[in-house]
Amino acid sequence: MADRTTRSTPPPPQWAELPTDCLVHVFRRLDLDELASAAPLVCRGWRRAAADPSLWRALDLRRDHLARFMPWGALAGALSRLHGVHRFTLAGFLRLCVARAAGTVADLALPPLLSSSELDHVAAECPALRRLALPELPPADDARLPSLLPRWRRLTHLELDSKPSSFPAVAAALALHCPDLAVLRVTSGSVKPEDAAAMAAASPLRGRLRSLCLDRCYLPRQELLAILAGCGGAAPLREFTARFCVGFDDKDEEVLARGAAIERFDIGGSRLLDEPDGDATNGDDYCDSSYVDVI
């Protein structure tokens, strides 16, 4: 009978002994919550890898921002155990993430109900921002947004959940201090004549913008035509969207003609007046879900 060769079972991989750069590569597949509250608890090597600044350069804090930080939430509980605090808030988590990035945050999306101190912290600690998404700001912060924009001179993409009342000053600040800005998104609010005039007056901004989004805004026809006229020239927009707006009709021939030279021109769903749909048969007030924000 032939001798049987004994095959030894290879030992399990020693994840804790992997080089830090390998762990960092693996940790790129973790979401922000796991990176902050799970990986650092395994061992010192994992904690060291999880603190690598390159893992914290893209921060999207909008997802379930309220539920995640309730005292009974899994993330809040894990962070409290990890850092020895009784109540870990969104503000604390933001500061933790920004500190881990060590000045390298390049992509940041902030949730609603942002406080002035949190906005100031971002302005002071995130000079390398290239993409920034801001919620609707309270009046005091709305008014000082133009003074904060010079802190983010590398911006290429700015997204505003609501058009600031200070938009003319915002447009001027973007033109002066953000030479690489290529994408501007404003996804609700009322576009006034002075806002359209600000877009036309900020010639450096017009020459650099490649994408402008004004979806779900109140956008009167005259203001839309003024914006389209001002965004032409030697470096015209490549993309313009004003979908589901009120103030003009998406079949307006002059509007369509003005937008014909734009590579992607989408004004679908826009209408002149905010009226009930044609199939509405009762006298109740009509409420389009497109215009409802749920907190």
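Hi everyone, this is a short tour of one sheet, one aromatic pair and one helix in this structure. Please keep in mind that we are looking at a predicted model.

Let's start with the sheet. It is open and has eight strands with parallel pairing, and the order is E1-E2-E3-E4-E5-E7-E9-E10. Which strands sit at the edges? Those are E1, residues 58–60, and E10, residues 264–266, and each of them pairs on one side only. On average, neighbouring strands of the sheet are turned by 5° against each other, ignoring direction. As a general reminder, strands of a sheet pair through backbone hydrogen bonds.

Now come with me to the E10 end. Strand E9, residues 239–241, runs parallel to E10, and three bridges join the two. If you look for Glu239, you will find that its bridge partner in E10 is Arg264.

These two strands also carry the one aromatic pair of the structure. Phe240 and Phe265 are stacked, with 5.7 Å from centre to centre and 20° between the planes. Phe240 belongs to E9 and Phe265 to E10, so the pair links parts of the chain that are 25 residues apart. Is Phe240 buried or exposed? Phe240 is buried, because its relative accessible area is 0%, and the cut-off for buried is under 20%.

Last stop: helix H5, residues 90–101. Its 12 residues reach 17 Å from first C-alpha to last, close to the expected 16 Å. Several H5 residues are buried, among them Leu90, Phe93, Leu94 and Cys97. After H5 comes Ala102, with a positive phi near 55°.

Thanks for listening!

Key. Residues numbered from 1 in each chain as written. Predicted model: local features only at pLDDT ≥ 70, side-chain atom pairs only at ≥ 80, totals over all residues. Heavy atoms only, no water. Pairing = 2+ DSSP bridges. Helix = DSSP H or I, 4+ residues; strand = E, 2+ residues; numbered from the N terminus. Axes fitted to C-alpha atoms, helices over the stretch in contact; angles between N-to-C directions. Phe/Tyr/Trp six-rings, centres within 6.5 Å; stacked < 30°, edge-to-face > 60°. Buried < 20%, exposed > 50% of the residue type's maximum accessible area, 1.4 Å probe, protein only. Expected span 1.5 Å × (residues − 1).
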